[in-house]
Amino acid sequence: CVELGPLRHDRPLPGFPRAPPAMWGRAIMVAAAGGKHTGKTSVSMALTNGLRRRFPSVGYMKPVGQEHVVDGSAKIDKDVFLARQHFSMTDPPEAMSPVILDRGVTKSFIDGALPHASLVGAIRSGFRTLSARHDFVVVEGTGHVGVGSVVGLSNPRVAALLGLDMVLVVNGGIGRAVDEVELSRALCDAHGVRVRGVVMNRVLPAKMGEIRGYAERWLTQAGLPLLGCIPDSPSFDKPRLSDLLRTLRARVLVGGADEARSYSTHEFVGTSVKRFEDKLAEDPAALREAFLLVHHTRHDVLEAVLNAAAEGRFAGGLVLTGSPPRTDVEALLRGHPGASALDVLDSAMTSTQAMEGIKACRPKLRPGESRTDALCHAYAPYLDWNALVGGEDAPEPFLRDPAGAVLAPPPPAVKAA
């Protein structure tokens, strides 16, 4: 490992060559081409799940993390925690999540108190450990390609350290998607990192053929394969109750037992009670399990919602916005028979702030939820597994038992003479 000292820019430097390809085994790095909410972790989890059906042993690593959790005595990235729990991985936490950009780390680095060599050494050591234990390692980048540059560890630089190709994940579209891929590829080129291809995520199903066609034409001209074109599925983007509690900084007044619950839609009720009742009657299926935003002063609307719940016409949730509700509102909730069928929250946010927060909310995958399994399986048919494993023929999928043990793979096909 070459001691480089404090770095002011994330760029290739003399004495810092790219590692040989696959220097410690088969692996690939996944990074976002754009900003937040491209589905990079979703793609990484789907890749890990699919590769576990093609290789006896698959590892997972996030060399540089930002948001972390404490797992036992170890501080690890939250996405590493998700993979460890979901796939029952037992690799050393420090190998899977060697560097955490915790509060104060970047300042320490710039001040020269944190040697770059120690960060590089931790990443290389972790990757070496995982490569020795597994047939394939999925390496998830942190954010877009430039994240980590402040400590000299952008995603392309880490990929160059480990001799990895890069898979770029971009949201579905044409113009913006192309712009983001080009920006990302430029930084990869600067570090000598080959972009293996692009996964286009969350493509509108109605425009799937059109967007895929144009994307493939542009990517072909650019010399980049399209490794996947994944249709958007609104069910994966519906906020859960736990997401709403966090986004709205809310407390539970009634219900709230199932934090994994999601709602069909969300809607601000600012009309008259009659208009709300008419809308509930016009489209009962759409609103029956909706999440409503009601200002805490609208006792008339609140009572109409509670009555509808008592009659079985509404079974969703609602948040009372504005200042915390007065005692009489809480008393109404406790004494009304319809309240027991609802999730009722209280938030100090204005109705506008709450609506904007919900629209911007993107639920994250969490350990132990069936949605994580469903997402992994939903993505699998849309990924080019041969190209993802390096342009060779991907091993045929095999099955695992419920405990994760590999079952006998299918026998090789017999070629005709």
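Which helix holds phenylalanine 276? Keep that in mind while you load things up; this is a predicted model, and we'll come to the residue in a later stop.

**Stop 1: the sheet**

Show the cartoon and pick out six strands that form an open sheet with parallel pairing, in the order E2-E7-E1-E8-E9-E10. At the edges sit strand E2 (58-61) and strand E10 (226-231), each of which pairs on one side only. Turn the view and you'll see a twist: neighbouring strands of this sheet are turned against each other by 20 degrees on average, direction ignored.

Now select residues 26-32 and 166-171. These are strands E1 and E8, which pair in the parallel sense over four bridges. For a single pairing to look at, click alanine 31: its bridge partner in E8 is leucine 168. Next, add residues 175-190, which are helix H7. That helix packs on the sheet, touching E1, E8 and E9, and its direction makes about 155 degrees with that of E8.

**Stop 2: helix H1 and serine 44**

Select residues 40-51 for helix H1, the home of serine 44. H1 lies across E1, E2, strand E7 (136-144), E8, strand E9 (195-203) and E10, and runs at about 175 degrees to E7.

Is serine 44 buried or exposed? Serine 44 counts as buried because its relative accessibility is 0%. To see what surrounds serine 44, show the side chains of Val30, Tyr60, Val138 and Glu140: those are its contacts once neighbours within four places in sequence are left aside.

**Stop 3: phenylalanine 276**

Back to the opening question: phenylalanine 276 is in helix H11, so select residues 273-282 because that is the span of this helix. Phenylalanine 276 is buried, with a relative accessible area of 6%. Leave aside its neighbours within four places in sequence, and its contacts are Val269, Thr271, Leu292, Ala304 and Val305. Try a distance label from phenylalanine 276 to alanine 304: the two are 28 residues apart in sequence and 8.4 Å apart in space, C-alpha to C-alpha.

**Stop 4: the largest pocket**

Switch on a surface and head for the largest pocket, which holds about 1100 Å³ of space. To centre your view, select His37, Glu67, Lys78, Asp79 and Lys364, the closest to the pocket's centre of the 44 residues that line it.

Which elements should you colour? Those giving two or more residues to this lining are H1, helix H2 (78-86), E7, E9, E10, helix H9 (234-237), H10 and helix H16 (370-379). H2 gives the most, with four residues. Colour the lining by class and you'll get 15 nonpolar, 14 polar and 15 charged residues.

**Stop 5: the second largest pocket**

The second largest pocket has about 360 Å³ of space. Select Asp237, Lys238, Pro239, Cys361 and Arg362, which are the closest to its centre among the 19 residues of its lining. Two elements to highlight here are H9 and helix H15 (351-360), which give two or more residues to that lining. By class, the lining of this second pocket has seven nonpolar, five polar and seven charged residues.

**Stop 6: threonine 247**

Finish on helix H10 (residues 241-247), where threonine 247 lies. At 18% relative accessibility, threonine 247 counts as buried because the cut-off is under 20%. Show Met349, Gly357, Ile358 and Cys361 to see its contacts, again leaving aside neighbours within four places in sequence. You may recognise Cys361 from the previous stop, where this residue was listed with those closest to the centre of the second largest pocket.

Conventions:
Residues are numbered from 1 along each chain as its sequence is written. This is a predicted model: local features need pLDDT of at least 70, side-chain atom pairs count only at pLDDT 80 or more; totals for chains, interfaces and linings use all residues. Side-chain values use heavy atoms; hydrogens and water are left out. Buried means under 20% relative accessible area, exposed over 50%, partly exposed in between (1.4 Å probe, protein chains only). Contact means heavy atoms within 4.5 Å. Two strands pair if DSSP finds at least two bridges between them. Axes are lines fitted to C-alpha atoms, for helices over the stretch in contact, and angles run from 0 to 180 degrees between N-to-C directions. On a 1 Å grid over the protein atoms alone, a cavity is a set of points where a 1.4 Å probe fits but cannot get out, and a pocket is an open set with protein on both sides within 12 Å along at least five of seven lines; lining residues have an atom within 4 Å of a point. Grid points are joined across faces, edges and corners, and a volume is the space filled by probe spheres set on the points. Ala, Val, Leu, Ile, Met, Phe, Trp, Tyr, Cys and Pro count as nonpolar, Asp, Glu, Lys and Arg as charged, and the others, Gly among them, as polar.
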